[in-house]
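Trainee: Could we go through this model together, one element at a time? I would like the cut-offs spelled out as we meet them.

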Amino acid sequence: MDLPHPDPGLAHLADVVPAVLTAMGAAGFESRIELRGDLAGACVLLIDGLGAELLDTYADDAPVLAALRGQTLQVGFPSTTAAGLAAIGTGCHSGEHGFVGYSFRVPSAGVVNALRWRPHPWGDDLRESMPPEQVQPLPTTFERAAAAGVDVSVVSGAEFTGSGLTRAVLRGGRYRGVHALGDLAATVREVIAEGGFCYGYHSEVDLLGHLHGPGSPAWRMQLRQVDRLVESVLEGLPAGGLLAVVADHGMVGVADADVIDLDSDPALLDGVDAIGGEPRARHVYVVDGAFDDVLASWRDRLAEQSWVLTRDEAIDAGWFGARVADPVRDRIGDIVAAARGTAALVRRSTEPLESALIGHHGSITTAEQRVPLLLAYG
C-alpha cells in the first residue's frame with residue numbers, strides 16, 4: 001500500500017504557539033521552531049484554509065504574504081478546522097487532544113459535530129450534556145500562558161463566543177469577539193502594542209473555497225483582502241512585536257467523476273453503525289461482528305479513490321501523532337478512509353449541505369497537509 005506518512009522533517013502546527021510563547025519569555029513551554037527571542041508582544045493569526053500550495057500558486061494575489069514566505073508546517077490528520085484549532089489551542093496532535101475529525105463518535109453521545117457542538121448531522125446543542133471541558137480536558141496553551149503571567153487574548157468571530165469548540169480548545173484567554181476584517185486588524189494591533197499575546201482567526205478564505213472552489217475568482221478576491229489585513233497589522237507592528245501567520249489546512253477542488261455518494265451504495269453501508277468525519281476523511285464505525293466484511297467492501301469499492309485503513313493501521317502510520325491516548329482511540333473509526341487526488345466520499349442524503357460543496361479538505365495529501373508559517377518582526 002502506497003501509504004503516506006507525516007514528514008519527520010517538518011514542524012507541526014501544534015508547535016507554533018509554544019514557540020511564540022517561549023520567545024516571549026513564558027516559562028513551561030518547549031520550542032521546536034526557532035524564533036527571535038525577547039518579543040515584546042505577539043500574535044498567531046490563523047487564516048482558515050490557506051494551504052502552502054495555494055499561497056505559492058496564487059502569490060500574485062497576495063504579495064505581502066508571499067514576501068513573508070518561508071517555513072512550511074504540517075497539520076496532521078485529519079486536515080480539518082476542528083483538529084487544527086485544537087492543535088493551536090493545546091500544543092498537541094489529534095491523538096492527544098482528541099479532535100479527530102469534523103465529526104467523530106464520543107461515547108454516550110454518539111457522533112457529534114465538533115464545530116457546531118451538536119449531534120451529527122443534526123440535533124440540539126450539547127454544551128450542557130457534553131461539557132466541552134470534559135471532551136478536551138488538557139490544559140490549553142492559553143491557560144498555561146496566563147498562569148505564567150502572559151496577557152492572553154483570543155480574537156475571533158463574535159458569533160463563536162462561548163461556543164463548544166471555543167470552550168474546549170481556546171479557553172484561557174480573554175475572548176475578544178470581532179465582526180469583520182477591520183476590527184480583527186485593529187484588535188490584533190492593540191494587543192501586540194500593549195505587549196500581550198493573542199491568537200487571531202479569519203474564516204472566509206476557507207468559506208469561499210468550499211463554496212466556489214480554491215483558486216476561483218471569488219476565492220482569489222478574498223485572498224487579496226487577507227493580504228491587506230496582514231499589511232494593516234504590519235503597518236502598526238511595534239519594535240519587538242511579532243506577527244506569525246499560519247493556517248489550519250489546505251484545500252482541493254473535487255472532481256465530479258471522483259465523487260462517491262456513500263448513501264447511495266448499499267455495499268458501503270452494510271454492517272456500518274455510523275459514519276463520521278467529512279468527505280475527504282471518513283471515520284467508519286462498524287456493527288459488532290461485521291468488521292472484516294466492511295473493511296473488505298470499503299477497500300474493494302474505494303481502492304482508487306481512498307486509502308482505507310484499520311484504526312490500528314492509521315495509528316501505527318503516525319497519522320494522529322506519536323501518541324494516541326486511550327480515550328481518543330474510541331473516537332477514531334474502526335476503519336479510516338482518507339481520500340486520494342480529487343476524490344470525495346459524500347453523503348447526499350445525510351449531509352446535503354456538505355455534499356454540495358466544491359472545495360474540500362481533511363485528507364493526508366500534501367495539498368491539505370502543508371501550510372505556511374509566515375513571520376514578520378517589528
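Trainee: How many of the residues of β14 are buried?

Mentor: This is a predicted model, in which local features need pLDDT of at least 70 and side-chain atom pairs count only at pLDDT 80 or more, whereas totals for chains, interfaces and linings use all residues. Residues are numbered from 1 along each chain as its sequence is written, and side-chain values use heavy atoms, with hydrogens and water left out. Strands such as β14 are DSSP runs of E with at least two residues, helices are runs of H or I with at least four, and both are numbered from the N terminus; buried means under 20% relative accessible area, exposed over 50% and partly exposed in between, with a 1.4 Å probe and protein chains only. The strand is largely enclosed by the rest of the structure, because the number of its residues that are buried is 5 of the 5.

Trainee: Which residues of β14 lie on one side and which on the other?

Mentor: In a regular strand the side chains alternate between the two faces of the sheet. In β14 both faces are covered, with the buried residues Ser 306, Val 308 and Thr 310 on one side, and on the other Trp 307 and Leu 309.

Trainee: What is the order of the strands in the open sheet?

Mentor: Two strands pair if DSSP finds at least two bridges between them. The edge strands, each pairing on one side only, are β12 (272-278) and β14 (306-310). The pairing of this open sheet of 4 strands is antiparallel, and the order is β12-β13-β15-β14.

Trainee: How many bridges join β14 to β15?

Mentor: Within this pair, Val 308 stands opposite Ala 337 in β15, and Ser 306 stands opposite Ala 339. The two strands run antiparallel, and the number of bridges joining them is 5.

Trainee: Which residue of β15 does Ala 281 stand opposite?

Mentor: β13 and β15 pair in the antiparallel sense over 4 bridges. β15 is mostly covered, as 5 of its 5 residues are buried, with Ile 335, Ala 337 and Ala 339 on one side and Val 336 and Ala 338 on the other. The residue of β15 opposite Ala 281 is Ala 338.

Trainee: Which residue is the bridge partner of Glu 278 in β13?

Mentor: β12 and β13 (residues 281-286) pair in the antiparallel sense over 6 bridges. For Glu 278, the bridge partner in β13 is Ala 281.

Trainee: At about what angle to β14 does helix α13 run?

Mentor: Axes are lines fitted to C-alpha atoms, for helices over the stretch in contact (heavy atoms within 4.5 Å). Angles are taken between N-to-C directions and run from 0 to 180 degrees. Helix α13 (residues 291-302) lies across β12, β13, β14 and β15 (335-339), and its angle to β14 is about 165 degrees.

Trainee: Within what arc do the buried residues of α13 fall?

Mentor: The residues concerned are Val 294, Leu 295, Trp 298 and Leu 302, while the face turned away from them carries the exposed residues Asp 292, Asp 293 and Asp 300. The arc is that of the directions from the helix axis to the C-beta atoms. Seen down the axis of α13, the buried residues line one face of the helix, because they fall within an arc of 100 degrees.

Trainee: What arc do the buried residues of α9 cover?

Mentor: In α9 (residues 181-193), the buried residues are Leu 184, Ala 185, Thr 187, Val 188, Val 191 and Ile 192. They are on the same side of α9, because the arc they cover around the axis is only 170 degrees.

Trainee: Which exposed residues does the face of α9 turned away from its buried side carry?

Mentor: The buried residues of α9 pack against several elements, including β1 (41-47), β8 (197-202) and α11 (217-235). On the face turned away from that buried side, the exposed residues are Gly 182 and Ala 193.

Trainee: Why is there no bond between the sulfur of Cys 43 and that of Cys 198?

Mentor: A disulfide is a pair of cysteine sulfur atoms within 2.5 Å, and the structure holds 0 disulfides. Cys 43 counts as buried at 0% relative accessibility, and Cys 198 likewise counts as buried at 0%. The closest cysteine sulfur to that of Cys 43 is in Cys 198, and it is too far for a bond because the separation is 3.3 Å.

Notes
Expected span 1.5 Å × (residues − 1).
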